[in-house]
Amino acid sequence: TRYNRWLYGHILTVKPNDGLELSIGETILSSRTTFGFDLAYANPAMPYVITQNDSGRAGTEGRDNLVAFGGVRARIGGGHVGAELVVDDVQIDSKDREKTADQLAWRLFASAPLPVGTGTSVRAEFTRIDSYTYMRDFYTDVYQQYDKPLGSVLGPGADQLRVTAETWVGGGLKVGGSVGTWRQGGLRIDQRPSNGPNGNAGKPFPAVTPSRPEVQTAFLGDVGADYLGHPILGTIRLQLAQIRNAANVSKPAALYVRAIVSGSYAFRYP
């Protein structure tokens, strides 16, 4: 084992009625310099920001990465609408805002049934992740493990709009498809050395870097079918992406195609 990291979290959800749900919570990622499970974070009633800054905790270095979040979801008729906000860091003081970039991420989504066919529905979703969200000056404090994001796989410095529809054809067969757009800047959660928000206030969104000087843009589409009749389960899916400036370097638009076929058979023995 090269190192161990601990991710702690708690969430409070309130449902004032059957059609509304409110949530607020926080997570904290211990840096690699902490030792084992920290019992101070095991108290579900104590906000992590207080525990993190407790001067009586011996052996801590104050670099544990705290993220707060909240969300709301409402049912309107047969559909749902909702919003989520992640606060990695936000600058309140005007002097801090002049030198340190905010680190926010948010998502809006809505779904509704359609009076067509059987079980037909449509869903729209927009996600935006600020350029330096999940980033830190010390990459040991970044929300990643072995260079794999623990935060959003889209970011940092990305936004995506996607519309999806699906319907049940019958006999366990479901078909659906989606279209969307995706932008991504030049920052990566696993880049070395890490590039945190300090000194990067006012950078255009999405931010780019000298080694990745262009914003990557893509038009996305996919169509597929799922067969969910027991004991056989199967999926066929075709994914398309027309990407301009792939890998964040100047390139003309090119079409990328991926086909996925998977299946399984459920059985009992004996």
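This is a short walk through the pockets, strand pairings, surface patch and backbone details of one structure. Keep in mind that the model is predicted.

Let's start with the pockets. How much space lies in the largest pocket? About 520 Å³. Its lining has 30 residues. Nearest the centre are F69, E84, L85, V86 and R107. Now, which elements build that lining? Those giving two or more residues are β1 (7-17), β2 (20-29), β3 (65-76), β4 (79-89), β5 (103-113) and β6 (118-129). β3 gives the largest share, 6 residues. By class, the lining has 16 nonpolar residues, with 7 polar and 7 charged.

On to the second largest pocket. About 300 Å³ of space lies there. Its lining has 16 residues, and R63, D64, N65, D89 and R136 are the closest to the centre. Two or more lining residues come from each of β3 and β4. What is the class make-up of this lining? 3 nonpolar, 6 polar and 7 charged. So much for open space; a general word on how we see it. Rolling a probe the size of a water molecule over the atoms shows where empty space is left.

Next, the surface. There is a nonpolar patch made of L12, V14, L22, I24 and V72. Together these residues have about 420 Å² of accessible area. β1 and β2 each give two or more residues to the patch. V72 sits in strand β3. Look at the numbering within the patch, and keep one general point in mind. In a regular strand the side chains alternate between the two faces of the sheet.

Now the strand pairings. Take β9 at residues 158-170. β6 and β9 run antiparallel, joined by 10 bridges. One position to look at is T118, which stands opposite W168 in β9. β9 also pairs with β10, residues 173-184. That pairing is antiparallel too, over 12 bridges. R162 has G180 in β10 as its bridge partner. How many residues lie between β9 and β10 in their hairpin? The answer is 2. In that turn, G171 has a positive phi of about 65 degrees.

Further along the chain, there is another run of antiparallel strands. β11, residues 216-227, pairs with β12, residues 232-244, over 11 bridges. Within that pairing, L220 is matched with A241 in β12. β11 and β12 form a hairpin, with 4 residues between them. β12 then pairs antiparallel with β13, residues 254-265, through 12 bridges. Here T235 has S262 in β13 as its bridge partner.

Last, the loops. Where does P206 sit? In the loop between β10 and β11. The peptide bond from F205 to P206 is cis, with omega near -10 degrees. Another cis bond runs from H230 to P231, with omega near 10 degrees. P231 belongs to the loop between β11 and β12, and those strands form the hairpin with 4 residues between them. One more backbone point. N245 is not a glycine, yet has a positive phi of about 60 degrees. N245 lies in the loop between β12 and β13.

To wrap up, two places to revisit on screen. First, the largest pocket, with its 30 lining residues and β3 as the largest contributor. Second, β12, which is paired antiparallel with both β11 and β13. Thanks.

Key. Residues numbered from 1 in each chain as written. Predicted model: local features only at pLDDT ≥ 70, side-chain atom pairs only at ≥ 80, totals over all residues. Heavy atoms only, no water. 1 Å grid on protein atoms, 1.4 Å probe; cavity = no way out; pocket = protein on both sides within 12 Å on 5 of 7 lines; lining within 4 Å. Points joined across faces, edges and corners; volume = space filled by probe spheres on them. Nonpolar A, V, L, I, M, F, W, Y, C, P; charged D, E, K, R; others polar. Pairing = 2+ DSSP bridges. Patch = residues over 30% accessible without salt bridge, like charges linked within 9 Å, V, L, I, M, F, W, Y side chains within 5 Å. Areas by Shrake-Rupley, 256 points an atom, 1.4 Å probe, with all protein chains shown as cover. Salt bridge = Lys/Arg side-chain N within 4 Å of Asp/Glu carboxyl O.
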